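Got your viewer open and a selection box ready? Let's take a short walk through this model, one selection at a time.

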Amino acid sequence: METKLSVRNLRISFRTSNGKVQAVRDISFDLAKGETLAIVGESGSGKSVTSKAILGILAGNSIVESGEIIYDGKDLLKISEEDFHAIRGDKIAMIFQDPMSSLNPIVRIGRQLTEAMLLKGKARQRESRSNFNTYLKTLEKTMIESVAKGDSARAAKISENCKNFDKFEFKHIELEKAYKTAYESASETVDDIDKLAFELEKKSAGKDAVDRLNDIIVQTRATVNKYVVGEEHKDEVHSLAGSLMSTYNSEKKANDYPGTLKILYRIRELCKEGVEKEAPNFFRMGYYLTFSGKPLPDMPVGELNDYMKDYLDKEFMLGFISDAETALRYSANRSGEMMKKAIDELNAARPVFKRESLDKKECYAKYKELSATVKSCIDPLNVTKDSLTFTFSPSMKSQLDTYFHGIGANKKAIRKHDADQRKHDRIVAKGKKPEWEVAEANTVDLELIKENIERIITRLVDHYDELLAALPNRNFREETVGSINYLMENASGVIEKVTRRVAKHRAIKLMDEVGIAEPHKRYRQYPFEFSGGMRQRIVIAIALAANPDILICDEPTTALDVTIQAQILELINNLKEERKLSVIFITHDLGVVANMADRVAVMYAGKIVEYGTSEDIFYHSAHPYTWALLSSMPDLDTDEKLEAIPGTPPNMIYPPKGDAFAPRNRYAMAIDFERQPPMFQISDTHFAATWLLHPDAPKVDPPKAVVDRIRRMNERRATGNE
Ligand SMILES: Nc1ncnc2c1ncn2[C@@H]1O[C@H](COP(=O)(O)OP(=O)(O)OP(=O)(O)O)[C@@H](O)[C@H]1O
Ligand SMILES: [Mg+2]
């Protein structure tokens, strides 16, 4: 399973006037591509803080004490605001609890949708341009090094090839872009006419008929292209489009539309023919038109494609691919050599980070040296980025910074603790009972940091061992084709301009996709004209506008009533399937995610206390807190009174020494108040942090309410009407 996002040992606190709030305390989880991970826990358990950290929108008083959030070869905790800007909303989008707070009340819905697309479109164009240029330049340089090897005539030829690639690739995109606009317009027109004509015939078209006709007119005019609605139909298309509205207006009074329908059907016929035509290969055509100096031969598209392929291969492509393949292999081998060196250096450096107490100067010097070596292992021609290499340096630095800052901070914390203790003792000595408790000294665990460093090094060494072992079996021909595709994609990103018209069309399609009826009319309305559920749908549409691959939903249905809630959940579920989204779904109610989560992380007091598949959590839960959540889950089948979880969560300025849930846990043992339980592994997929799983602990069964509930869920599952 491909991991999309990986959160490792995340710790976040907030500075407040009362002290440091330890909101998230060392949590780790992975999000796989296409899965829904539910994060469940009571108010204040750290769910929103976690999601805000992923989006880089933590409050100003936050301190990221430690951890990594790895996405696409980057550690999101350590990238610049500028880089984050490209990820936030674009790759990772978020839906909040209250839809009104994410909508601008005085801007029409349509505008809010298109604005997001237009902005992101521009950013993407810039990024594509820079990717394209950088990659082609690196490829050229490496080809010269590995193929020409000092032969200056050969080098000049390579440079010329690269320049030509750049040139004809732009021609290709220009041609394809023109084709696509016409093709999409034609195919949209067919769809739109199908719907509208049906309604006109039934005399049931709504008030938005004029808007829809207007869209059809604009679209129809855009369908003319040699390979869609051919030039020979240009005049007819324009005259059809030109007379459509006046015909409709003259027939509106009688509510009978023979003339309008006739025009619509003719347009539909032309568009349908256009959509069904075979398309030429524009990549090859781009080359042919740029360099052959001849017009395209007049032949059927299929033959033309073959003809152009021969031309392109002979004149350019075969040679280019072969040079590029040499360059890719050369670059991969060079990076492999660096990895061998890095493995030795990393192993040799281990003692520096294992000393009884670390030496600041020595550590930072070593860190710099290692970072440089690891950086040189990056293979710039490999289009799949190696996350571990990219994140090594920031991860190490953050561990070292925390360590050396911790040495000072620990002294202070211990002084404060001792002073508090003395004060406490004095009060007790006077025979009084203090109203406060002495909080445990808030110290940084220096040994833990040393372990983290060791782990980071080992992880990278193991990783490089694997990469080196795989190197001889890599298929560089295939990778070269991948590289050329990468160049093509980025070139098309440069020309892919999102115009207002395209944005509007996409917006209306999106509104349709999220289940908003009459999107044409709704497009021009303000947020207050929408119900709560509809607003949440709009917010979802905005989140999807940039086509993200991760969607974070923070209690998206709490403000909605039960039926609407179910609809929104279903919508999110469907969108996830269709778009292969990875979803993080945050809620305080286990019941909400029962039918949609693939995996569940249960959070309590800033920690993940149980983690597993839906099956693990709902049918085999092991942590008393999860049991409590399960019993407090409303059940439609029974009238049983809900068992609210007794007590309240701890104050996170003074997190308890032992298991934070102990004071509310009727199964708590003495050790629960003393020591934090480790994460016990129950199965391949299932983990829980409770002393009950210790081999020496007494065996306890879940409370009756939970056992009954599981029995009911099983019965429902057996009868198949879950
Ligand atoms: N900016 C801040 N300053 C101080 N404390 C904060 C800040 N933001 C969050 N916290 C604290 O961090 C802890 C976790 O908060 P978080 O918002 O993640 O809870 P949650 O699990 O999302 O709860 P809810 O279900 O109420 O949304 C809480 O104790 C909260 O008071
Ligand atoms: Mg929250």
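Start with a pair of helices: helix 5 passes helix 9 in a right-handed crossing. To see it, select residues 152–201 for helix 5 and 282–291 for helix 9; their axes come within 7 Å and cross at roughly 125°. An angle over 115 but not over 145 counts as oblique, and helix 5 and helix 9 are therefore oblique to each other.

Next, show side chains where the two meet. On helix 5, pick Lys167, Phe168, Glu169, Lys171, His172, Leu175, Glu176 and Tyr179. Facing them on helix 9 are Phe282, Phe283, Met285, Gly286, Tyr287, Leu289, Thr290 and Phe291. Colour this contact of helix 5 with helix 9 by residue class and you will find nine nonpolar, three polar and four charged residues.

Now zoom out for the whole view. This is a predicted model, and its protein chain has 23 helices and 12 strands. The C-alpha trace spans about 100 × 80 × 50 Å along its principal axes. Of the chain's 722 residues, 34% count as buried. If you like contact maps, note that among contacts between residues at least 6 apart in sequence, 72% join residues at least 24 apart.

Time to go inside. Which residues have the most contacts inside the largest nonpolar core? Select Val40, Ile69, Leu113, Ala541, Ala543 and Val602; the core they belong to has 90 residues. Helix 17, residues 532–545, gives the most to this core, with nine residues. Centre on Ala541: leaving out residues up to four places away in sequence, Ala541 touches Leu113, Leu510, Met511 and Val514. Apart from this core lies another, of 24 residues, including Leu213, Ile216, Ala222 and Leu240.

For the last stop, keep helix 17 selected and add helix 18, residues 562–579. The two helices pack at an angle of about 15°, with their axes 10 Å apart. Helix 17 and helix 18 are therefore roughly parallel to each other, and helix 17 passes helix 18 in a right-handed crossing. From helix 17, the contact is made by Gly532, Gly533, Gln536, Arg537, Ile540 and Leu544; from helix 18, by Ile564, Gln567, Ile568, Leu571 and Leu575. Sorted by class, the residues of this contact are six nonpolar, four polar and one charged.

Note on methods. Residues are numbered from 1 along each chain as its sequence is written. Chains are lettered from A and ligands numbered from 1 in the order in which they are written. This is a predicted model: local features need pLDDT of at least 70, side-chain atom pairs count only at pLDDT 80 or more; totals for chains, interfaces and linings use all residues. A nonpolar core is a set of buried Ala, Val, Leu, Ile, Met, Phe, Trp, Tyr and Cys residues joined through C-beta atoms within 7 Å. A residue is buried if 20 or more other C-beta atoms lie within 10 Å of its own, exposed if 12 or fewer, and partly exposed in between; C-beta atoms are placed from the backbone. Helices (H or I, at least four residues) and strands (E, at least two) are DSSP runs, numbered from the N terminus. Two residues are in contact if their C-beta atoms, placed from the backbone, lie within 7 Å. Axes are lines fitted to C-alpha atoms, for helices over the stretch in contact, and angles run from 0 to 180 degrees between N-to-C directions. Angles under 35 degrees count as roughly parallel, over 145 as roughly antiparallel, 65 to 115 as roughly perpendicular and the rest as oblique. A crossing is left-handed if the near helix is turned anticlockwise from the far one by less than a right angle, and right-handed if clockwise. Ala, Val, Leu, Ile, Met, Phe, Trp, Tyr, Cys and Pro count as nonpolar, Asp, Glu, Lys and Arg as charged, and the others, Gly among them, as polar.
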